Amino acid sequence: MPAASETKMQDGWKLKYDGDLSSKGLMDLSLAGESLSGFGISFNRVIYYLEHQKVRYKGPYSEQNKVLISAPHKGSVEYDLAVLLSGPAAGLGYNLTSSFVYDFIKSVFRRATGQDSPDEVKSWERVATKGTFDAVADSVVDPLKRAHAPIGYSANNIYIFNGPASVQFNGDTKSFLEEEVFDPVSFEDIAVVNSMNGNNRSGRVYLSEEERGVSYILGEEVSDQTIDALLWSHSQYYRRRDANIAISYRAFRRPDGKVKRVIVDAAAMIED
C-alpha cells in the first residue's frame, strides 16, 4: 500500500448524463452546474467521513483525498473524474483506495436514494459504526437533490461509473429524495439519542425496530421528563454506555414506507 505521504491519482470513475438533450451532448448550463455542485458536495462529505470518522456539513473538506473533474468527452455529457488519494483514513488502519472509496460512496448514495439493501449496509459496519452510516447518507440528501436537477429536463438518467460498477439516478430516485408522507399514527420504540441540537430542538435518534438512525425534531409540547430522558440517553451514548430509552413518535415516511424522520412526542427512562 502507498505511504501516507504519497499522492496517487487514480482514474476510472465516470459521471455520465443520459437521455433527452444529454444524448446529443447538450444540457442546460444552470442545471448541469447545480448537478455537478450537488455531486461535488456529496463526494466531499463522504470522503471526509472516511478520512476523519466525522460527518461535516460545511467546508473546507479534505485537501488530501478528493474527486477532481477533467475535460468532458465530445458527443455526450460525460466527465472523467480523477480521484486524488494521498492521506490515511483515521481509524481504518490503512490508506484509502479508489475502489474502496467508490464502493463506500456508492452504498451511501444508494442508501440516500432508497436503492440500498440491509445486507449492503451491514457490510459497512466495520467502517461506519451502527447508526452513523445513516448519518453519512442523510448528509448527502440535500446535495443529491441538487445533483438530480437535470432529471426530467435535460437528462433521464445519471450514472457514476468505476469500471463496470455503477450507481444510477433517475426519476424514481429523484422522487424518493423529494417526497415524504406524514404518518399521524403514534409509534413506540426503544431508542438511543446519537446527537442533539438545543438551538432548534432537533438531532438524531437510533430506532431499534427500524435498525437505523433518523433525524428528529421535538413535538411542540414535550414534557421536562421527555427532555431529561433525551439528555440522559445522549450523555450515555457519548460515554459509550447503555443509552436505551423508550420514545413515542410520529413519522415522516419515505415512498417505500420506511421512516425518514420523526417527531418525538414523549420519552422516558426504562425501568429495571
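Where in the chain is the place of Pro 60? In this predicted model, Pro 60 sits in the loop between helix 1 and strand 2 (65-72). The peptide bond that joins Gly 59 to Pro 60 is cis, with omega at about 5°. Another backbone feature is found at Asp 20, whose phi is near 55°, a positive value in a residue other than glycine. Asp 20 belongs to the loop between strand 1 (8-18) and helix 1. Both features invite a closer look, since most residues other than glycine have a negative phi, and most peptide bonds are trans.

Helix 1 itself (residues 29-52) packs against helix 2, their axes coming within 10 Å and crossing at roughly 115°. The crossing of these two helices is right-handed. On the side of helix 1, the contact is made by Phe 39, Ser 42, Phe 43, Val 46, Ile 47, Tyr 49 and Leu 50; helix 2 contributes Phe 100, Val 101, Phe 104, Ile 105, Val 108 and Phe 109. By residue class, this contact holds twelve nonpolar residues, one polar residue and no charged ones.

Turning to the strands, the model contains a closed barrel of five strands in the order 6-7-8-10-9, with mixed pairing. Neighbouring strands of this sheet are turned against each other by 55° on average, direction ignored. Helix 7 (residues 224-238) packs on the sheet and touches strand 6, strand 8, strand 9 and strand 10. The direction of helix 7 makes about 45° with that of strand 6. Within the barrel, strand 6 (residues 181-197) and strand 9 (residues 245-253) run antiparallel and are joined by eight bridges. One of the residues involved is Phe 187, whose bridge partner in strand 9 is Tyr 249.

A hairpin is formed by strand 4 and strand 5, with two residues between them. In its turn, Gly 163 has a positive phi of about 65°. Strand 4 (residues 157-162) and strand 5 (residues 165-169) are antiparallel, and five bridges join them. Ile 160 has Val 167 of strand 5 as its bridge partner.

Finally, attention may be given to the second largest pocket, which holds about 430 Å³ of space. It is lined by 21 residues, of which Asp 138, Val 141, Ser 215, Lys 260 and Arg 261 are the closest to its centre. Both helices and strands take part in the lining: at least two residues each come from helix 2 (98-112), helix 4 (132-139), helix 5 (141-147), helix 6 (171-178), strand 8 (212-218) and strand 10 (259-269). The lining of this pocket comprises ten nonpolar, two polar and nine charged residues. Helix 2 thus appears in two settings, in the contact with helix 1 and in the lining of the second largest pocket. Strand 8 and strand 10, likewise, belong to the barrel and also supply residues to the pocket lining.

Definitions and conventions:
Residues numbered from 1 in each chain as written. Predicted model: local features only at pLDDT ≥ 70, side-chain atom pairs only at ≥ 80, totals over all residues. Heavy atoms only, no water. 1 Å grid on protein atoms, 1.4 Å probe; cavity = no way out; pocket = protein on both sides within 12 Å on 5 of 7 lines; lining within 4 Å. Points joined across faces, edges and corners; volume = space filled by probe spheres on them. Helix = DSSP H or I, 4+ residues; strand = E, 2+ residues; numbered from the N terminus. Nonpolar A, V, L, I, M, F, W, Y, C, P; charged D, E, K, R; others polar. Pairing = 2+ DSSP bridges. Axes fitted to C-alpha atoms, helices over the stretch in contact; angles between N-to-C directions. Contact = heavy atoms within 4.5 Å. Left-handed = near helix turned anticlockwise from the far one by under 90°.
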